[in-house]
Amino acid sequence: MFAKYLEEKYGDVAKMNSVWRANYESFAAATAFKREAENPGLFVDWAKFMEDSFAGLCKFGSETIKAADPQARCCVQIMGMDLYRALPKSNVNLYKISPCLEVMSTCTGGGIRGLESGFAQPPASVSQAASLSNDLTEGILTRHFYRSIAGNRPIHDGEAYCGKTAHSLGNMLWLQLMRGGSAAYLFMWE
């Protein structure tokens, strides 16, 4: 299937080799790679092929579910905090899969990472407030991304992590509400 994808994109092997600065004998030879990183062009095209394949699978799954239950609301949860912006790392392109989804599922962590310990009390003054940590900043960016592609669709966090205290649970639920969440499913490994 990848060889067919390459043939449709480039038309002939010489054009693909010119773009990739490679010397593959055929499209089939290019798809017989051991490491996708052996050539930058191969890496990009393989990632795009996988993105398109996954988007097609999501569309097929949504249509199949809708055929069985027209009222169903379909969603897909991806892994990891930063995978929403590192497409080749996950080969999942949320822009491509979101049109066939009725509900947006956040990635693992839900875009609320960074407040595991919570805030015990507000600071006495703004100058005493803690700076935003990288985790907290990443969480803010993650959830903003999900709100931007969700539009008016609900957003749910299928792995809402929190500590073992009521205070931690309260912080997590408050953040879910403040960052546009519609539902949070509590999740803990212990």
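Which residue forms a salt bridge with Asp 52, and how far apart are the closest N and O atoms? The legends below take up this pair after a first look at the whole chain, and please keep in mind that the model is predicted.

**Figure 1. The whole chain, from helices to strands.** Welcome to the predicted model. Its chain holds eight helices and three strands. Reading from the N terminus, the order of elements is α-α-α-α-α-α-β-α-β-α-β. Of the 190 residues in the chain, 38% are buried. The chain exposes about 11,500 Å², and 59% of this area is supplied by carbon and sulfur atoms. Take the contacts between residues at least 6 apart in sequence: 70% of them join residues at least 24 apart.

**Figure 2. Lys 96 and Asp 52, the pair from the opening question.** Here is the partner we asked about: Lys 96 forms a salt bridge with Asp 52, and their closest N and O atoms are 2.5 Å apart. Lys 96 belongs to helix α6 and Asp 52 to helix α4, so this pair ties together parts of the chain that lie 44 residues apart in sequence. Asp 52 counts as partly exposed, because its relative accessibility is 34%. Lys 96 also has a relative accessibility of 34% and counts as partly exposed. Side chains of opposite charge can pair when their charged atoms come close.

**Figure 3. Glu 51 and the wider network around Lys 96.** A search of the whole structure finds six salt bridges. One of them joins Glu 51 to Lys 96, with the closest N and O atoms 3.6 Å apart. Glu 51 sits in helix α4 (residues 40–68) and Lys 96 in helix α6 (residues 94–97), so the two tie together parts that are 45 residues apart in sequence. What is the state of Glu 51, buried or exposed? With 2% relative accessibility, Glu 51 counts as buried, whereas Lys 96 counts as partly exposed. Step back a little and a network appears: salt bridges link Lys 48, Glu 51, Asp 52 and Lys 96.

**Figure 4. Asn 91, in the loop before α6.** Asn 91 is found in the loop between α5 (87–90) and α6. At 17% relative accessibility, Asn 91 counts as buried, because the cut-off for buried is under 20%. Which residues does Asn 91 touch, once its neighbours within four places in sequence are left aside? Asn 91 is in contact with Ala 47, Met 50, Glu 51 and Phe 54. Among these contacts is Glu 51, a member of the salt-bridge network shown in Figure 3.

**Figure 5. Lys 59 and Glu 63, a pair within helix α4.** Still in α4, this view turns to a salt bridge between Lys 59 and Glu 63, whose closest N and O atoms are 3.0 Å apart. The two residues are four apart in the helix, so about one helical turn separates them. Both ends of the pair can be described in turn: Lys 59 is partly exposed at a relative accessible area of 46%, and Glu 63 is partly exposed at 43%.

**Figure 6. Strand β2 and its two partners.** On one side of the story, strand β1 (residues 104–105) pairs with β2 in the parallel sense over two bridges. Ser 105 stands opposite His 156 in β2. Strand β2 (residues 155–160) also pairs in the parallel sense with strand β3 (residues 183–186), over three bridges. The chain gets from β2 to β3 through α8, and this β-α-β crossover is right-handed. His 156 has Ala 183 as its bridge partner in β3, while Asp 157 stands opposite Ala 184 in β3. How many of the six residues of β2 are buried? Five are, and β2 is mostly covered.

**Figure 7. A nonpolar patch that includes a residue of helix α8.** We finish on the surface, where Trp 174, Leu 177 and Met 178 form a nonpolar patch. Together these residues have about 380 Å² of accessible area. Leu 177 has its place in helix α8 (residues 166–178), the helix through which the chain crosses from β2 to β3. Leu 177 is exposed, because its relative accessible area of 54% passes the cut-off of over 50%.

Conventions:
Residues are numbered from 1 along each chain as its sequence is written. This is a predicted model: local features need pLDDT of at least 70, side-chain atom pairs count only at pLDDT 80 or more; totals for chains, interfaces and linings use all residues. Side-chain values use heavy atoms; hydrogens and water are left out. Patches are made of residues with over 30% relative accessible area and no salt bridge: like charges are joined within 9 Å, nonpolar side chains (Val, Leu, Ile, Met, Phe, Trp, Tyr) within 5 Å. Accessible areas come from the Shrake-Rupley method with a 1.4 Å probe; for residues, only the protein chains shown count as cover. A salt bridge is a side-chain nitrogen of Lys or Arg within 4 Å of a carboxyl oxygen of Asp or Glu. Buried means under 20% relative accessible area, exposed over 50%, partly exposed in between (1.4 Å probe, protein chains only). Two strands pair if DSSP finds at least two bridges between them. A crossover is right-handed if, with the strands pointing away from the viewer, the path from the first strand over the helix to the second runs clockwise. Contact means heavy atoms within 4.5 Å.
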